[in-house]
Amino acid sequence: MVALTAKQQEQAAKTFAAKWAGRGDEKQETARFWTDLLQNVYGIENPADYLEFEKRVQLEHVSYIDVYIPKTSTVIEQKSIGKSLDEGIRQSDGTVLTPVEQAKRYAASLPYSERPRWVISCNFKEFKIIDMERPNDTPQVMKLADLPKEYYRLNFMVDEKDSHIEREMEISRNAGELVGKLYQALLEQYKQSNQLSEDEMLQNLNKLCVRLVFCMYAEDAGLFGKKNLFHDYIEQSTPQRLGRDLRDLFRILDMEETSRDPYEEEMLAAFPYVNGNLFGEAIVIPNFSEEAFHLLLNEACNFDWAQISPTIFGAIFESTLNPDTRRHGGMHYTSIENIHKVIDPLFLNEYREKFNEIMTIKTIKTRLTKLKNLQKELASLTFLDPAAGSGNFLTESYLSLRRLENDILRETITDKSGTGVLGFEEEEFNPIQVTIQQFYGIEINDFAVSVAKTAIWIAEAQMFKETEAIIHKEMDFLPLHTNANIHEGNALQMDWNDVIPASELSYIMGNPPFVGYSLQSKEQKKDMLAIYVDEKGKSYKTAGKIDYVAGWFFKAAQMMQHTSIRTAFVSTNSITQGEQVAGVWKPLYERFGIHIDFAWRTFKWNSESTNQAAVHCVIVGFSSAVTKKEKIIYNDKGYINKCAVVSPYLIEMNPTFILPRKKQISDAPKILKGNIPVDNGNLIVEEDVYKQLKKNNDFAVTFIKPLLGAKEYIQNKKRYCLWLVDATPTDIKKSKFLIERIRACREFRLKSSKAATRKFAEIPHLFMENRQPIAGKYILVPLHSSENRRYVPMGFFGVDMISTNANSIIPDATLYHFGILTSNVHMSWMRLVCGRIKSDYRYSNDIVYNNFPWPTPTAKQKERIEKTAQGILDARALYPNGSLADLYDPPLMPKKLLYAHRANDKAVMDAYGFSTAMTEEDCVAELMKRYEALVNNEQ
């Protein structure tokens, strides 16, 4: 792949767009078009090896994918110029599919390992793009004419992972496993001494591990000078003597050569002075076992530590941290890829672009002056990570700035021997101006503070070597500069200005702890209540119902006010969804006047930990300073939407906050929670038990009704319950089964620690919370549903179908209400404002339903919606044995059900006065306007 500068790529895109304007035949020019695009605009040297044309897929018959890119999992459906990408095309099986839907169908037929991440439909004039991580999002559109300015929007086609980074990560993972083994062996030795408390033991062990790893890295990186110096020093010792020998070594490493005893042992005297306070503090070192000695000498000392990534240095030590500390502190480790999702749009892209622009200047003197000024600007920047962990963000930011500085140095050197430097007088030439002193951190864990300082020292050493190769001069790395900028403490209880004054700070960034509000400790709750306060110091009502990570957002906004500081944090996606949006963001907008500069919408978390947990995250960049820059929304890996404003819901929309409400904002039926038994399963009847009761003609069957939770409803599972609302004592006595179940329910409730539950032991035959309608129809709304479904499959039932509280129910509902709620309009609203579990929908009565702005249809429009709503139910009825999970799986959705939903969508959009050409973003923007009008009418 040929690396093109931004200017070169923009010019190549301009040439390509002009060349293909107004032309394009699907059959004759598809291969030529995509080959030309990837080779000349995206730098793919051999596009014929990169692209597959007419890839065979097996549906009911053999079909062919027009273009497939296996390396980036991209499927392309090509049409001729003039063909609409919005209109359906009749397929051989009679279905009518748009090009995007056609491509999705092909995608579903591929082997799992070849399933696409990206789907593109193209007609030579425009591109429609779908990220299959969010398959129900409206396709993003880019026109060929806009390619010169928006070429980056197709970067995902060629964005392969860097093999160097992969190798670096693999080496670091292996190092982590090695350190974990050494840690465990040493831990056993500490335990045998019985001289230290557990906390003291772990503190000494952690510091010992940090020092050992630094020594092994320093040796392999050439910082100790003589090769194998540390290895040979360990080898001459013994397991019984090594603890004492290491104490002597650490003493020497912390002592300047001029202060050492002239008769010091020769092997010790050969070690250089390290400084940096790394070896200054005395620590307890236990006796080494044969196993620990062998691990250190024959495995750890023979590992090539010089190749580890200092950015994921913290991940190396993850296995050494206590699992309870990791879990309760909300700690997690960030991949290099995810770090760049934060730092690139926050600051790095801007300075890279400045460098590229300077390099286009043809006048040498002007170019050199600007390069020199850019280097000074880089050296003036300061960074704070108030949740520094093991220093990942600080280290990678330092490395990135130093690499850019090295690029500047390459362009300023005239004589490769290093005897002359353009634009600099020899005596004033200071090649390295970006230093670790520009980077500040706060971290609560003392061990992580030590690791962070060590990691950034390692990063500094690596960059010294790179700079030496550029300027052809050796520089002294040791002794280390004191790195006191990483502070130990609770960031939510500290004034960040004590670490670095706001007037001196450029950027805040990081990856604060993820702790949901329901999982927070008393201390963490106390932190949140103390931070989320109004101008009078009173806690916001929502302070106790937002995630712990929000504390960092508030303190950053507070520090940024009236400054040019910009911030970007990683967070769980919960703070951009549902009830938390208003709780987290409303105070930041109202008190500090912040705005969102860029955001990555929900993506699955990739960490460097061995035991990765599935976490769905967002990244939000925000500031309070006025800026004319375009705002950016990233859709996972690289897709960009430039816009004028970004809402806290992470869409292009002015900030509007949906607050929970107990009553409907529109004229609509009341929504309720489903029924709650609180019975320890005694009022529930499983299918096999029900069949046996029927077989035995047990009288209990008289009072058994079908029961639906969300799982049973969506997956078509049969379950039942005892519904004894109308049963008399005489009825109950007719069945031994009823008597035993009711008695067991009573005993369970009596043992409860809750008074309300014990009270209901008086009526153990009834559900504790009964909201079942007694007449008419009701709508069943499953509270949780997969994000892959275009529609949450709601139900329409009579009163004999009992719903649990895994669903919400809407009594007194009609087909009209069902049609509105199951439409694409309501689904768009739901997708925007609902909460999520991971990335799946979590429907809410107070947020989604009660705030939903209903239309005011004419009688004719209402009648049409009732008809199309019945059409959906009729289409489902054609598949009595099919589960809703299957019927609403996008690639498998039967065409009659799909058409029924489309007809209903059109009818509902007509009732709102919406054009069918509206995108989902357009739809929710209009709904927001109606919501705001309704709120204003209430005031």
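**Entry 1: a pair in α24**

I started with E740 and K736, whose side chains meet in a salt bridge, 3.9 Å from N to O. This is a predicted model, so I read every value here as computed from that prediction. Both residues sit in helix α24, which covers residues 736–750, and because they are four residues apart, about one helical turn separates them. I reminded myself that an α-helix has 3.6 residues a turn, so residues three or four places apart point the same way.

Then I asked how accessible each partner is. E740 comes out as partly exposed, with a relative accessible area of 40%. K736 is at 62% relative accessibility and counts as exposed, since the cut-off for that is over 50%.

**Entry 2: a pair in α2**

Next I looked up E29, which forms a salt bridge with R32; their closest N and O atoms are 3.8 Å apart. These two lie three residues apart in helix α2 (residues 26–41), so again I have about one helical turn between them. Is E29 buried or exposed? I found a relative accessible area of 12%, which makes E29 buried, because the cut-off is under 20%.

**Entry 3: a pair between two helices**

I moved on to R864 and D910, and their side chains meet in a salt bridge at 3.7 Å, N to O. This one links distant parts of the chain: R864 belongs to helix α29 (residues 859–877) and D910 to helix α31 (residues 895–912), with their positions 46 residues apart. R864 counts as partly exposed at 37% relative accessibility. D910 is partly exposed too, with a relative accessible area of 36%.

**Entry 4: the wider tally**

How many salt bridges does the structure hold? I noted 37. I also noted a network of salt bridges that links E350, K354, E377 and K629. In general, side chains of opposite charge can pair when their charged atoms come close.

**Entry 5: helix α16**

I checked the length of helix α16, residues 392–412. With 21 residues at 1.5 Å a residue, α16 should span 30 Å, and its end C-alpha atoms are 30 Å apart, so the two values agree. I then looked at burial: 17 of the 21 residues of α16 are buried, which means the helix is largely enclosed by the rest of the structure.

**Entry 6: strand β14 and its partners**

Strand β14 runs over residues 595–604, and eight of its ten residues are buried, so I put β14 down as largely enclosed by the rest of the structure. Which strands pair with β14? I found strand β15 (residues 616–623), antiparallel to β14 and joined to it by seven bridges. I also found strand β16 (residues 631–635), which pairs with β14 in the parallel sense over three bridges.

I picked out a residue pair for each partner. I596 stands opposite F622 in β15, and W600 stands opposite Y634 in β16.

**Entry 7: a three-stranded sheet**

Last, I traced an open sheet of three strands, in the order β23-β28-β27, with antiparallel pairing. β23 (784–785) and β27 (835–837) stand at the edges with a single partner strand each, so one side of each has no neighbour in the sheet. I looked closer at β27 and found that it pairs with strand β28 (residues 840–842) in the antiparallel sense, over three bridges. For one contact in that pairing, I wrote down R836, whose bridge partner in β28 is Y841.

Definitions and conventions. Residues numbered from 1 in each chain as written. Predicted model: local features only at pLDDT ≥ 70, side-chain atom pairs only at ≥ 80, totals over all residues. Heavy atoms only, no water. Buried < 20%, exposed > 50% of the residue type's maximum accessible area, 1.4 Å probe, protein only. Pairing = 2+ DSSP bridges. Expected span 1.5 Å × (residues − 1). Salt bridge = Lys/Arg side-chain N within 4 Å of Asp/Glu carboxyl O.
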